[in-house]
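Me: Please take a close look at the N-terminal end of this chain for me. Then carry on from there into the rest of the fold, and keep it informal.

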Amino acid sequence: NYNSLVKNGVINAENKGDSQEVAGWLATAHLLGPGGAKKVAQGEPGADQFGTSGLDYFQKGKYSVAVLAQKLPAIQAG
């Protein structure tokens with residue numbers, strides 16, 4: 001998905017270094033595919049067959065890096 005998102009311009013020079021942003025787009029592409037993620041990036045809402053929003057998944061992807069990844073060292077330490 002990462003390569004497809006770079007190829008279709010969703011991940012670009014502007015956001016490529018922002019790990020939270022990239023995680024958000026990868027989560028969106030996981031839910032909707034790279035083409036669906038591109039539509040979300042272009043302002044279309046996008047949702048899967050169960051009504052899960054692409055924007056919700058984008059936020060969950062960002063959260064995974066911004067908050068959850070920061071907790072890993074403490075979790076691994078026990």
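Reply: N3 counts as exposed, because its relative accessibility is 63%, over the 50% cut-off. Bear in mind that this is a predicted model. N3 sits in helix α1, and its C-alpha is 31 Å from that of I75, a residue 72 places away in sequence.

Next door, Y2 is in helix α1 too, but Y2 counts as partly exposed because its relative accessible area is 31%, between the 20% and 50% limits. Leave out the neighbours within four places in sequence, and Y2 is in contact with I11, K16, V22 and L26. Take V22 from that list: Y2 and V22 are 20 residues apart along the chain, with their C-alpha atoms 8.3 Å apart.

L26 from the same list turns up again at the surface. Together with Y2 and V6, L26 makes a nonpolar patch of about 200 Å². V6 belongs to helix α1, which covers residues 2-7. With a relative accessibility of 32%, V6 is partly exposed. A residue needs over 30% relative accessible area to join a patch, so V6 at 32% passes that cut-off, and so does Y2 at 31%.

Now let's move on to helix α2. W25 lies there, in a helix that spans residues 19-41. A search of the whole structure turns up one aromatic pair. That pair is W25 with F58, 4.6 Å from centre to centre and with 55 degrees between the planes, which makes it tilted. F58 lies in helix α3 (residues 54-77), so the pair ties together parts of the chain that are 33 residues apart in sequence. Both of these aromatic residues, W25 and F58, are buried.

F58 also leads us to E21, another residue of helix α2. Setting aside its neighbours within four places in sequence, E21 is in contact with N15, F58 and K62. The odd bit is that E21 is buried yet has no salt bridge. K62 has the nearest side chain of opposite charge, at 4.1 Å from E21. A salt bridge needs the nitrogen within 4 Å of a carboxyl oxygen, so the 4.1 Å between E21 and K62 doesn't qualify.

Further along helix α2 comes G36. G36 counts as buried because its relative accessibility is 16%, under the 20% limit. Its C-alpha is 12 Å from that of Y57, a residue 21 places away along the chain.

Now zoom out to the whole chain. There are three helices and zero strands, so to speak an α-α-α run from the N terminus on. The C-alpha atoms fill a box of roughly 40 × 30 × 15 Å along the principal axes. Of the 78 residues, 27% count as buried, and W25 and F58 are among the buried ones. The chain exposes about 5100 Å², of which carbon and sulfur atoms supply 52%. As for contacts between residues at least 6 apart in sequence, 50% of them join residues at least 24 apart.

Back at the N-terminal end, then: N3 is exposed at 63%, while Y2, partly exposed at 31%, shares a nonpolar surface patch with V6 and L26.

Definitions and conventions:
Residues are numbered from 1 along each chain as its sequence is written. This is a predicted model: local features need pLDDT of at least 70, side-chain atom pairs count only at pLDDT 80 or more; totals for chains, interfaces and linings use all residues. Side-chain values use heavy atoms; hydrogens and water are left out. Patches are made of residues with over 30% relative accessible area and no salt bridge: like charges are joined within 9 Å, nonpolar side chains (Val, Leu, Ile, Met, Phe, Trp, Tyr) within 5 Å. Accessible areas come from the Shrake-Rupley method with a 1.4 Å probe; for residues, only the protein chains shown count as cover. Helices (H or I, at least four residues) and strands (E, at least two) are DSSP runs, numbered from the N terminus. Buried means under 20% relative accessible area, exposed over 50%, partly exposed in between (1.4 Å probe, protein chains only). Rings of Phe, Tyr and Trp (its six-membered ring) pair if their centres lie within 6.5 Å; planes under 30 degrees apart count as stacked, over 60 as edge-to-face and the rest as tilted. Lys and Arg count as positive and Asp and Glu as negative; His and the chain ends are not counted. Contact means heavy atoms within 4.5 Å.
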